[in-house]
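The following paragraphs lead the reader through the structure shown here. The account starts from a single residue and widens from there.

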Amino acid sequence: MHEDANNEVPPATGRGTPSGADQEFLALERELTVLLRRARANQGEMAREVHPDLESSAYGLLIRLDELGGQRATDLAAYIGVGKATMSRQLRALEELGLITREPDPADGRAWLVTLTEEGRCRVGTVREARRARYVSQLAHWDRREVAELARLLHQLNGGMEK
């Protein structure tokens, strides 16, 4: 797959290419593939900016904790879509890096809440602000309503993917 001079990927051609409404879904798949490939690369870069030893897959956990505060490990695992063992391993690594801490859940003394440490909150905040500034710069030629509409549509898409 390659982009033309306008950074557009030409539509697929050849035998067996669906037509009509299916073309929109093929275009969606193509654009999501490019977006996700770039997002994975950016996630690794942002994870390293938080801490050089941070796994890129753990960056999303830090963002979730930054936005929502204390969370149970089981809730984080469900949100990210991983098993308890994987979540436990990731949380242990984040704890060893000094980015998170675990404290008793005041609502249930048997459970623990995972929260960002002050160091974790500071590092994540710095990286998120830099990323936001990058988006502002990259999308400076967009109307703010278009940015809001894109965010709304992505939110709608993400909500539909959870089902």
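Gln71 has a relative accessible area of 15% and is therefore buried, since the cut-off for burial is under 20%. The model in which this value was computed is a predicted one. Gln71 sits in the loop that joins α2 to α3. Beyond four places in sequence, Gln71 is in contact with Arg64, Leu65, Leu76, Trp112, Leu113 and Val114. Among these partners, Leu65 is one of the buried residues of α2, and Trp112 and Val114 belong to the lining of the second largest pocket.

The setting of this loop can be read from the chain as a whole. The secondary structure consists of six helices and two strands, arranged along the sequence as α-α-α-α-β-β-α-α. Of the 163 residues in the chain, 22% are buried. Among contacts with a separation of 6 or more, 46% link residues 24 or more positions apart.

Confidence should be kept in view throughout. The mean pLDDT of the chain is 87, and 87% of the residues reach at least 70. Helix α5 (residues 118–138) has the highest confidence, at 95, while the lowest is found in helix α1 (residues 21–50), at a mean of 90. Over residues 1–5 the pLDDT stays under 50, and the model has eleven contacts beyond four places in sequence for this stretch.

Helix α2 precedes the loop that holds Gln71. Its buried residues are Tyr59, Leu61, Leu62, Ile63 and Leu65. After α2 comes Gly69, which has a positive phi, near 80°.

Which residues touch the most other members of the largest nonpolar core? They are Val50, Leu54, Leu62, Leu91, Leu94 and Ile100, within a core of 21 residues. At least two residues of this core come from each of α1, α2, α3, α4, β2 and α5. The most, five residues, are given by α2. Leu62, which is among the buried residues of α2, is in contact with Val50, Leu54, Leu94, Leu99, Ile100, Leu116 and Val124, leaving aside residues up to four places away in sequence.

Asp66 offers another view of the same helix, as this residue also lies in α2 (residues 59–68). Is Asp66 buried, exposed or partly exposed? Its relative accessible area is 28%, so Asp66 counts as partly exposed, a class that lies between the limits of 20% and 50%. Beyond four places in sequence, the contacts of Asp66 are Leu116, Arg121, Val124 and Arg128. Two of these, Leu116 and Val124, are also touched by Leu62. The C-alpha atoms of Asp66 and Cys122 are 9.8 Å apart, although 56 residues separate the two along the chain.

Strand β2 can be approached through Ala111, which is found there. Ala111 has a relative accessibility of 13% and therefore counts as buried. Apart from residues up to four places away in sequence, Ala111 touches Arg72, Glu103, Pro104 and Asp105. Between Ala111 and Ala73 there are 9.1 Å from C-alpha to C-alpha, with their positions 38 residues apart in sequence.

Ala73 and Ala111 are both part of the lining of the second largest pocket, together with Arg72, Thr74, Lys84, Met87, Ser88, Leu91, Arg102, Trp112 and Val114. Two or more residues of this lining come from each of α3, α4 (84–96) and β2 (108–116). With four residues, α4 gives the most. By residue class, the lining has six nonpolar, two polar and three charged members. The space in this pocket is about 230 Å³. One of its lining residues, Leu91, is also among the core residues that touch the most other members.

The largest pocket holds about 2600 Å³ of space. Its lining comprises 42 residues, and those nearest its centre are Leu35, Leu36, Ala39, Tyr135 and Leu154. Two or more lining residues are supplied by each of α1, α2, α3 (73–80), α5 and α6 (144–161). The largest share, twelve residues, comes from α1. The lining divides into 21 nonpolar, ten polar and eleven charged residues.

Key. Residues numbered from 1 in each chain as written. Predicted model: local features only at pLDDT ≥ 70, side-chain atom pairs only at ≥ 80, totals over all residues. Heavy atoms only, no water. Buried < 20%, exposed > 50% of the residue type's maximum accessible area, 1.4 Å probe, protein only. Contact = heavy atoms within 4.5 Å. pLDDT = per-residue confidence, 0-100. 1 Å grid on protein atoms, 1.4 Å probe; cavity = no way out; pocket = protein on both sides within 12 Å on 5 of 7 lines; lining within 4 Å. Points joined across faces, edges and corners; volume = space filled by probe spheres on them. Nonpolar A, V, L, I, M, F, W, Y, C, P; charged D, E, K, R; others polar. Core = buried A, V, L, I, M, F, W, Y, C linked by side-chain atoms within 4.5 Å.
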